[in-house]
Structure formats: structure tokens, C-alpha cells
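I opened this entry to keep a record of what I looked up, in the order I looked it up. The structure comes first, then my notes.

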Amino acid sequence: MMNANAVDDKPVDVFSRGCLKLTYDVLRPINPMLALQVRNIIHGEPLPKTELDENNEHSDYFKVTLDSFQVRAVVEGLMACGQDESNKGLSIMAKSLQLDWVNLAHQMISELPEDQRPS
């Protein structure tokens, strides 16, 4: 599920409550500890929002502060689930979440000093 980065020009490290919950649901069977770290983001303070959305938890957005190894593990977990054709629904959800997490990984790589970036 896209976190509206492309639509609303939100930073790639900002994810919606729904995106984080779906990521948790997809990762939980394969990597429970990582899934828990993703879910814990939702228990933090959401980013400020407009008065119109103030009382709507579904409009919450959170800054993701996972490290690069955790983000890589999220991407790898989503890719594994996306390739599992035994559960089409889960596979489709995982594939739709991948783009958001890959975009975050690319940003993290671009912020590394030049000599530390993968070639």
C-alpha cells in the first residue's frame, strides 16, 4: 500500500498507520522481532496533522527511524512474501508495500558518504 509519497510529496521516511500495520501483518509470520519493531513505530507520537484530520487515527503518519539493516530486512521479507504464490492476497499486499520501503532504502543509501555507498 503506497504511503502517498508520490501523491502528497511526503518524505520517503514518513509512513501511514495503515502501511505500517500492513507491513507488520506481512512480516509477523516470517520475522516476528522485526515486525514488532515496525509495529512499535505506530505506538509513538504521530506527526502533526490538520484540524480536519485531528480526531481520525487513520490519517496518522509516522516518521520511520529504523536503521538501514532493519529496512533491508523489511524489504527482503516483503520480497519473499511477494514471491509466495500460495497466498495471492498476501503476495499482492507485500508487493504493494515494497515500493515504499525500497524508496526509504534508496534514500538511506543516498545519504551515505560517497565512499560508503554500494557500487
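**Cysteines**

I began with C81, which is buried, with a relative accessible area of 7%. I then looked up C19, and C19 is buried too, at a relative accessible area of 0%. I searched the whole structure for disulfides and found zero. I note here that the model is a predicted one.

**The chain as a whole**

I listed the secondary structure next and got five helices and two strands. Read from the N terminus, the elements run α-β-α-α-β-α-α. The chain has 119 residues, and 34% of them count as buried. I also looked at contacts with a separation of 6 or more in the chain: 58% of them are accounted for by residues 24 or more positions apart.

**Helix 3**

Which residues of helix 3 are buried? I went through residues 32-42 and wrote down L34, A35, V38, I41 and I42. Looking down the axis of helix 3, I saw that its buried residues fall within an arc of 115°, so they line one face of the helix. On the other side of helix 3, I noted P32 and M33 as exposed.

What covers the buried residues of helix 3? My list of the cover includes helix 2 (17-27) and strand 2 (61-63). The cover also includes helix 4 (68-83) and helix 5 (88-110).

**D13**

I found D13 in the loop between helix 1 (5-8) and strand 1 (14-16). Is D13 buried or exposed? Its relative accessibility is 10%, and buried means under 20%, so D13 counts as buried. Not counting residues up to four places away in sequence, D13 touches F62, K63, V64, L104 and Q107.

**E76**

I moved on to helix 4, where E76 is found. The relative accessibility of E76 is 42%, and I entered E76 as partly exposed. The side chain of E76 makes a polar contact with the side chain of R72, at 2.8 Å. I also looked up the separation of E76 from L27: these two are 49 residues apart along the chain, and their C-alpha atoms are separated by 9.9 Å.

**K95**

K95 is found in helix 5. I entered K95 as partly exposed, at 46% relative accessibility. Which residues is K95 in contact with, leaving aside its neighbours within four places in sequence? I wrote down G82 and E85. For K95 and Q83, which are 12 residues apart along the chain, I noted a C-alpha separation of 8.4 Å.

**The largest pocket**

I looked up pockets last. The largest pocket has a volume of about 300 Å³. The elements that give two or more residues to its lining are helix 4 and helix 5. I copied out the lining residues: S68, F69, V71, R72, V75, V102, A105, H106, M108, I109, L112 and P118. One of these, R72, was already in my notes, as its side chain makes the polar contact with the side chain of E76.

**Looking back**

Helix 4 and helix 5 came up in two of my searches. Both are included in what covers the buried residues of helix 3, and both give two or more residues to the lining of the largest pocket.

Conventions:
Residues numbered from 1 in each chain as written. Predicted model: local features only at pLDDT ≥ 70, side-chain atom pairs only at ≥ 80, totals over all residues. Heavy atoms only, no water. Buried < 20%, exposed > 50% of the residue type's maximum accessible area, 1.4 Å probe, protein only. Helix = DSSP H or I, 4+ residues; strand = E, 2+ residues; numbered from the N terminus. Arc of directions from axis to C-beta. Contact = heavy atoms within 4.5 Å. Disulfide = S-S within 2.5 Å. Polar contact = N/O pair within 3.5 Å; in protein donor to acceptor, adjacent residues only side chain to side chain. 1 Å grid on protein atoms, 1.4 Å probe; cavity = no way out; pocket = protein on both sides within 12 Å on 5 of 7 lines; lining within 4 Å. Points joined across faces, edges and corners; volume = space filled by probe spheres on them.
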